[in-house]
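Reader: I'd like to go through this one with you, a question at a time. Can you start with the yardstick you use for burial, and then we'll get to the fold and the side chains?

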Amino acid sequence: MGVDIQTLLFEFFGGLGIFLLGIKFMGDGLQKSAGDRLRDILDRFTSNPFLGVLAGMVVTMLIQSSSGTTVLTVGLVNAGFMTLRQAIGVIMGANIGTTITAFIIGIDIGEYALPILAVGAFLIFFFKKPIITALGQALFGFGALFYGLELMSSGMKPLRSLEAFHELTVSMSDNPILGVIIGTVFTLIVQSSSATVGILQGLFSEGAIALDAAIPVLFGDNIGTTITAVLAAIGASVAARRAALTHVIFNVMGSIIFLILLIPFVAFVSFLQTKLNLNPEMTIAFAHGSFNVMNTIIQFPFIAGLAWIVTKIIPGKDTTIEYKPKFLDPIFIERSSALALDQAKKEIARMGEYACKGLEESNRYLTTSSQKHSDMAMQIEGAINNLDRNITEYLVTVSGRSLSEQESEKHTALMNSVRDIERIGDHFENLIELVDYKISNKVQISDKAMGELNTMFDLTNMTVKQAVDALSESDREKALEVVQREEEIDKMERDYRKRHIIRMNKGLCSGSAGIVFVDIISNLERIGDHAVNIAEYVLGHHD
């Protein structure tokens with residue numbers, strides 16, 4: 001019989017495309033409906049590695065991608081939320097969670113693929129409620145996944161009668177390492193372990209491949225799936241690179257262990273197949289699942305050792321260059337907008353702390369005229385401008401995603417806060433310039449006036465600090481206090497202007513000193529206004 005190669009290739013690759021799209025859609029949909037909770041799961045469950053394994057499983061089941069979970073974890077380690085040892089647990093769990101897709105495929109829903117797809121599309125197009133469209137998206141993905149599989153397996157049907165393919169599978173039976181390599185390479189290319197497993201399930205149920213040839217491919221598929229994390233870690237922090245390397249070592253070690261135990265493992269799987277009366281797809285799913293669970297059990301006691309090894313391989317301290325944003329990982333935007341907004345908020349809080357520092361430094365510069373305070377303040381100004389650029393870009397990218405109403409409220413508040421903090425930076429830059437002018441023109445400010453300036457500096461700085469705290473903790477009480485303090489600052493500015501005019505009239509104060517004095521207090525007053533703006537976003541946005 002002649003095999004129609006074109007149909008075979010079209011159906012196979014078309015099916016693969018639909019399958020991959022389905023998995024992505026399903027993960028995105030599930031994630032939109034679970035949203036915020038995903039990060040909470042990862043954040044909360046990190047107290048010990050065992051809980052980490054569970055968290056990794058749950059999150060991977062939700063986003064349908066072990067590499068997705070690993071990438072999220074790499075991001076969290078990068079931002080300093082998770083230690084390496086905690087991350088290793090999550091990564092092990094992710095490996096188990098990813099086998100769920102195979103089990104789902106094992107349930108024979110193939111003939112219902114199209115109606116499921118239709119229901120999903122119906123929910124996406126005819127409902128406005130975000131949660132329903134998210135579910136529709138998940139359903140659509142679910143249907144597409146099966147439809148893609150059906151296409152792929154009908155494309156693979158003729159393979160049985162292909163001599164060349166037959167020889168390949170026979171040599172895979174004789175040489176398991178070949179299977180591992182095929183699994184690794186294929187998964188590297190499509191970047192989805194579920195796809196490799198799905199194809200194996202199809203081949204096995206068509207009888208085109210024997211069990212002992214199929215199982216090593218599963219091992220390779222676990223190695224291939226680590227590439228995504230490795231790519232995510234390139235250029236990331238030392239800790240993140242270590243997390244990615246752990247993933248690779250863990251999966252490679254697992255494959256080596258099980259290649260050594262291949263004969264008993266194959267026997268175990270075929271025993272399960274007959275005992276539980278499994279269909280071919282389920283048999284592969286069980287093989288994949290039990291391999292990952294056993295691998296985790298075997299390597300779990302060595303988490304500390306794994307952490308030690310990667311620390312040796314990738315040495316170095318994590319240095320934080322203050323100019324660079326710490327929390328803005330583009331990975332988060334891909335995964336969930338809720339998470340990305342939280343990250344941006346953390347970064348803005350950091351920027352706000354810099355604004356306070358810069359204000360303190362400019363105050364010190366005024367009182368001591370020592371150059372180091374001016375340098376420090378200007379450096380901080382640079383960092384603020386840099387963060388401003390980075391955060392704004394990040395937030396603009398986030399707004400490209402579909403945001404819920406609450407999220408876009410938060411998004412606006414964050415965008416505005418960044419602008420306000422950046423303006424505070426500009427104002428203390430003005431203050432520095434005023435002090436420069438005062439020093440170079442030998443302007444004398446009377447003690448009384450200095451005292452007033454210091455009082456006003458303290459008040460302003462306290463206000464900015466509180467506004468930043470209110471923002472980062474979403475604390476309405478603090479925000480209210482800031483808004484009330486606004487009055488105080490304005491009143492102080494008015495009083496000091498009056499007193500200053502009185503001093504001028506009495507001749508206690510020179511004209512040039514007067515100019516410096518008035519400019520300083522008006523800059524401080526403007527800084528106060530920006531602090532109040534920030535507080536008002538906190539009050540306006542319901543977290």
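Author: Sure: buried means under 20% relative accessible area, exposed means over 50%, and partly exposed is in between. Keep in mind that this is a predicted model.

Reader: Then let's try that out: is Lys478 buried, exposed or partly exposed?

Author: Lys478 has a relative accessible area of 22%. Buried needs under 20% and exposed needs over 50%, so with 22% Lys478 comes out as partly exposed.

Reader: Which residue does the side chain of Lys478 meet in a salt bridge?

Author: The contact is N to O, at 3.2 Å. The partner has a relative accessible area of 45%, so it is partly exposed too. The residue that pairs with Lys478 is Glu473.

Reader: Zooming out, what does the secondary structure of the protein chain come to?

Author: There are 0 strands in the protein chain. What the chain does have is helices, and the count is 24.

Reader: What radius of gyration does the protein chain have, set against a compact globule of 543 residues?

Author: The C-alpha atoms fill a box of roughly 110 × 55 × 40 Å along the principal axes. A compact globule of 543 residues would come in near 24 Å, but the protein chain has 31 Å.

Reader: How much of the chain is buried?

Author: The protein chain exposes about 23,600 Å², with carbon and sulfur atoms supplying 62% of that. As for the 543 residues, the buried share is 54%.

Reader: Which residues make the nonpolar surface patch of about 450 Å²?

Author: One of them is Ile189, found in helix H10 (residues 176-190). Ile189 has 64% relative accessibility, so it counts as exposed. The whole patch is made by Ile177, Ile181, Val185, Leu188 and Ile189.

Reader: On to the rings: how many aromatic pairs does a search of the whole structure find, and which residues form one aromatic cluster with Phe291?

Author: The search finds 13 pairs. In one of these, Phe219 and Phe291 are tilted, 4.5 Å centre to centre with 45° between the planes. That pair links helix H12 (residues 211-224) to helix H16 (residues 280-299), across 72 residues. The cluster partners of Phe291 are Phe219, Phe258, Phe265 and Phe268.

Reader: Phe219 and Phe291 are both buried; how do the rings of Phe258 and Phe291 sit?

Author: Phe258, in helix H14 (residues 238-260), and Phe291 are 33 residues apart. Phe258 is buried because its relative accessible area is 2%, and Phe291 is buried because its own value is 0%. The rings are 4.9 Å centre to centre with 85° between the planes, which makes the pair edge-to-face.

Reader: Which residues do salt bridges with shared partners join into one network?

Author: Arg364 meets Glu360 at 4.0 Å, N to O, and both lie in helix H19, 4 residues apart, about one turn of the helix. Lys465 meets Glu360 too, at 2.7 Å, and this pair links helix H22 (residues 447-473) with helix H19 across 105 residues. The network is Glu360, Glu361, Arg364 and Lys465.

Reader: Last one, about Asn363: which residues is it in contact with, leaving aside neighbours within four places in sequence?

Author: Asn363 is found in helix H19 (residues 337-368). At 13% relative accessibility, Asn363 is under the cut-off and therefore counts as buried. Its contacts beyond those neighbours are Asn454, Phe457 and Asp458.

Notes
Residues are numbered from 1 along each chain as its sequence is written. This is a predicted model: local features need pLDDT of at least 70, side-chain atom pairs count only at pLDDT 80 or more; totals for chains, interfaces and linings use all residues. Side-chain values use heavy atoms; hydrogens and water are left out. Helices (H or I, at least four residues) and strands (E, at least two) are DSSP runs, numbered from the N terminus. Buried means under 20% relative accessible area, exposed over 50%, partly exposed in between (1.4 Å probe, protein chains only). Contact means heavy atoms within 4.5 Å. Patches are made of residues with over 30% relative accessible area and no salt bridge: like charges are joined within 9 Å, nonpolar side chains (Val, Leu, Ile, Met, Phe, Trp, Tyr) within 5 Å. Accessible areas come from the Shrake-Rupley method with a 1.4 Å probe; for residues, only the protein chains shown count as cover. The radius of gyration is taken over C-alpha atoms; the globule rule is 2.2 Å times the number of residues to the power 0.38. Rings of Phe, Tyr and Trp (its six-membered ring) pair if their centres lie within 6.5 Å; planes under 30 degrees apart count as stacked, over 60 as edge-to-face and the rest as tilted.
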